[in-house]
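Here is a short briefing to read alongside your model. Keep the viewer open and follow the residues as they come up.

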Amino acid sequence: MTKAYVMNGLIEKMQSGDQDFRYMGLNDLLVEIKQDPNSFLGEEAVENKVLRQVLQLVEDKISEVKNQAVKCLGQLIKIIREPQMVFVVDKLIEFSAGKDEELRDIAGLALKTITSELPVEGKMAAKACEKLTPKLLLQLTNPEIAPETLLETLSILSILIIRFPTYLSDPSLEPTPLSVLIPLLNHPRAAVRKRAITTLAQFLPLTQPQSASQLVQTVVLPAFASGTNADRQRTIVQLVAAVARHSPHHVAPFMKDIVNGIIKAVSKDDEELRESSLQALEALVLRCPAEIASFLPIIINIGKEYIKYDPNYAGDASDEDEEMADGEDEDDEELDEYSDDEDTSYKIRRSATKLLAAVIATRPELLVTLYKEISPALISRFGDREVTVRVEIWATYGLLLSQTALYGGSLQTKDAEYIVGGKRKRDEGMEVEETPYTLLRDQVPSFAKALLAQLKSPKTPPATLQAGFTLLHQLLTVLPGSLSAQAPLVLSNTRAVLSQSSTSSTSALQVTCLSFLALFFSTHSPPTFNGSLESILPVLLRSVGEKHPRLASESFRVFSSLLNALKPLKNGDWVERIYNEAVRRLSDHETDAEVRERAEEVIGDLWISAIDVVKTKNRKEWEAMCRTSGRTEGAVKVITRVAREAEIGDDWVNGCVEWVLTLLRRSGRSGKSDIFSCLDALLRRYRSLPADLPATLIPQLKPFISTSDISLLAQALSIIALLLELSPVVTFPEVEREVLQDIYAIAHSPLVSGVPFDSVLAFFAALVEADMQIATHIVPNLVISIERDVKNPVSQANVAKCVGQVVKSQHTIAAGTIAEFSKHLRPTSKARPSQIVLSLLVMGEIGRFIDMWAQQDIFNQAITHFASEQEEVRTAAAFAAGNMAVGNLQHFLPVIVKMVETDSQRRLLSLHALKEVVTHCSHGQLEIVADTLWVPLFQNSENSEETTRNVAAACLGKLTTTHPSRYLPQLHDRIRDPNPAARATVLAAIRYTFAETSQTFNELLSPLLMDFLSLISDPDLTVRRLALSALNSAARAKPYLIAPHLSTILPSLYKETLLNPNLIRTVQMGPWTHKVDDGLEARKTAYETLYTLVSRQCQFGAIAFLITYLP
């Protein structure tokens, strides 16, 4: 069938007098278009006929048909021709401007649909915007248009602004959106004004800065003048809030006038204006944190004042806070007298609460002030008579606790100056630092009294109770053990909640309550709650038997916390009952996975905390737990914990080892890491390792001796090393027969490094300890394995480390090993470069712990190889020389230092040798040689290339940490050196010191750090880039040192994020020209630093920049 035939058939259906046929015709058209958009395209006359018919059905009398026609238009707009699109838009706008209310609504819906469905890319979108936008703007200027049409038109315009900002920002657009939208702020209908505010705020980020500035000066600021009516002020205040959310940089320059105007508006006796003003202040605090900072004291006072705003409450103002916080049942009854469906004062209290929450969220540096000013105000309103406000206040206090958890510790312990407003007070003759934690601890009694009073009220809804227990949970997370004095009341409230029957409305509350109770038991000492334990145990034992999986799992978790808190337990009826319930759950194959996991944890806790009770059982819990099918991760972790902490016998260990080996044989990697950890714990608990265990275990470990999974390789090697340690005589033959050859191959693999390779070294150390004779065979076998493996890449450094480890474990073979490898270094040797490299690396590894002065010719031969043609030989020679110098600093180090000073050809290699010395020397050794190295390192890095300078800087940084009081000032003196290379060396060196974490070093670095980082403004590009990199490292390692100085350093950092045209040069590449931006790396580093600042504790300054200035 042709397309025209299909389309004509659909037209016939759509023209039917039967509404079902019309609906199905539209539905079939929709299906056809979705399956194949080309099915509609063909003869233009047919297309026009279909389109007109669909538009005609938009006017249909049946709602289902009209809605289906709108859906069709949403799909057709993507594929129709340009003239057809113009026709559709014109027709829909004509419908939307008509007097038929129903047609007007459906036309508005259709316009929303097509603007939402238009493809963002392509010519059709541009054409649609070009045709539609002017018509919408003209419609908004028509004074005769109904308010409902205005609302729909503004909504459509908002969609266009969001989806097609490029076109809407065109300055040639007529009429201009600003000229159309601003008059609508004076519309008599409040709904139109609010919709116009939203659309205007969405458009402002697209407009020119001068236009936005003119809007603020001519529309916003005059509205704050005295005499302006309340309606106008409400509109403008709402506009300020909306603009602050979408484009805060437009209001930031006028912050003083705007905030002062809003503060005046708050004081007016108009509740809606007051609510809008509080919301505007909240938006400004959130989106303009830097500019609003000077107004924070006033804003906090406003929030504190209006969080208590309740004109319909008839209590005495002087004791209002106390009464509201009390929350007794009789108070609730009294407050009910003031309930009024028309009372909207709660909106003001809620807005004031959100304003205080914004201050808390954006000002973590003011935590001490927040606890002094805001915390008491929030606590006093914990009993607000409006439930929604009460929950909002609790959530705000929860935010304060979260901020304390994030920033309170660092603010308290790292740097006292970082605590804004921090002072000392005397307590019984001792000075106590005022920190967020000390202030919170002082306020816990009033906090607990106010909150617990609300939780015990029988009228409190379950959702509100859940919010209250969540807040208590947050308190104990931040300040463990802080509810000791309130323990009886806490347990009484939780018992009341858990005593209720579990329903859909209470189950979530009971889960939250149990979660809190688990944390309570784990953070408080037994004497705190022993007196109330008997009263709550029955409801807990009932909860653990609940069918609801979340309730049962959380109940088990409560008992885990209780068992750990009370250990050791000698007896107890409830212990027997929880044991039986856990075994019942584990024996039931239909038990929920989470409940099973918690039951397994309880079994582990019983074996650790109440072993006298469970050891009398027949161990049926382990039979139920140690299954070979289904999920076994929880059981493996429990056995690991019991093996490490409980008193168990070899028979239990044997049974668990057999089960673990069964799991080890299962295919797949899942859970293998935990299985190895469990096996390690079990093997260490043997009083006497069974003689047949190594022969059984090692063949099962052989498949893991492979580079296919490096982490499991490391764990397998650690198990073999442990077996060699526990039973060397039995294990050694098995290792030699089964896995030693595989480990030789692993030893030279470049894929094995770091912690996994440490396991390889530990294996060879254990192997040599198990059989001293094997050492003489390991070294040649390692060399043979690397020579035979010609197909795969090899790591000679790894082999050298293994040889060094063998020699370190068996010193008697040192002389022979040195003689064997040193022969390849002689001038007359015809050794291959690979042999020379391996020999040099081995000499370095051995020379680190054996004095090579007796074989000083080997050191001289290593120096000779500095002139080798092969780079790998030169690098290995520097490694060897540096490490041999570690073994004898007195004789070898002066030779290297002299080369650094006098031999420019070998300076870089000599510096690499010095880096080995600095890296591997002990702290005591470095203190001895630091003076010898300091001056040569500095002198020979000032005029060197960047590679040489970086090596020298790494050495200087390490030396600085050995004696910071001496060397930090010397580095500091160099930051004003006229030579840019010297300044660059200083910055590179100071970065390496940030790894030092001692308090003494931090105290010495703190007053000097900003001088180092001030080089961000250095005229030399390389120095600026290194200063940015140093700031990035400081923000990661020591954020508490730079946080107080962010206001000083951020402007320079922001400057480095901007493109500098002076750093762009044009390079001629044959017939083409290429632009090179020399400042690109510095800009990248600047943005990386901003990202670090945002993600670290000093985030507030960087976030202010990102919010205010970045698009």
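In this predicted model, the chain folds into 58 helices and four strands. Its C-alpha trace spans about 105 × 90 × 85 Å along the principal axes. The notes below go from the whole chain to the cysteines, and then to the aromatic rings and their partners.

**The chain as a whole**

- Of the 1111 residues in the chain, 53% are buried.
- Among contacts with a separation of 6 or more, 73% join residues that are 24 or more positions apart.
- About 48,400 Å² of the chain is exposed, and carbon and sulfur atoms supply 50% of that area.

**Cysteines**

- If you are wondering about disulfides, the structure holds zero of them.
- Cys626 has the sulfur of Cys656 as its nearest cysteine sulfur, at 5.4 Å, and is in no disulfide; the cut-off for such a pair is 2.5 Å.
- Cys626 has a relative accessibility of 19%, so Cys626 counts as buried, given that buried means under 20%.
- Cys72 is also a buried residue, and its relative accessible area is 0%.

**Aromatic pairs**

- There are 20 aromatic pairs in the whole structure.
- One of them joins Phe382 and Phe447, whose ring centres are 5.4 Å apart; the planes meet at 75 degrees, so this pair is edge-to-face.
- Phe382 sits in the loop between helix 21 (367-380) and helix 22 (387-413), while Phe447 belongs to helix 23 (residues 436-455), so the pair ties together parts that lie 65 residues apart in sequence.
- Both Phe382 and Phe447 are buried.
- Trp622 and Trp652 form another pair, with ring centres 5.4 Å apart; their planes are at 70 degrees, so this pair is edge-to-face too.
- Here the link runs between helix 32 (residues 620-625), which holds Trp622, and helix 34 (residues 650-664), which holds Trp652; the two residues are 30 apart in the chain.
- Trp622 is buried, and Trp652 is buried as well.
- For a group of rings to look at together, try the cluster that ring pairs build from Phe469, Phe516, Phe520, Phe521 and Phe529.

**Charges over rings**

- Which ring does the charged end of Arg52 sit over? That ring belongs to Phe87, and the charged end of Arg52 is 5.2 Å from its centre.
- Arg974 lies over the face of Phe938, with a distance of 4.2 Å to the ring centre.

Notes
Residues numbered from 1 in each chain as written. Predicted model: local features only at pLDDT ≥ 70, side-chain atom pairs only at ≥ 80, totals over all residues. Heavy atoms only, no water. Buried < 20%, exposed > 50% of the residue type's maximum accessible area, 1.4 Å probe, protein only. Phe/Tyr/Trp six-rings, centres within 6.5 Å; stacked < 30°, edge-to-face > 60°. Lys NZ or Arg CZ within 6 Å of the ring centre and 35° of its normal. Contact = heavy atoms within 4.5 Å. Areas by Shrake-Rupley, 256 points an atom, 1.4 Å probe, with all protein chains shown as cover.
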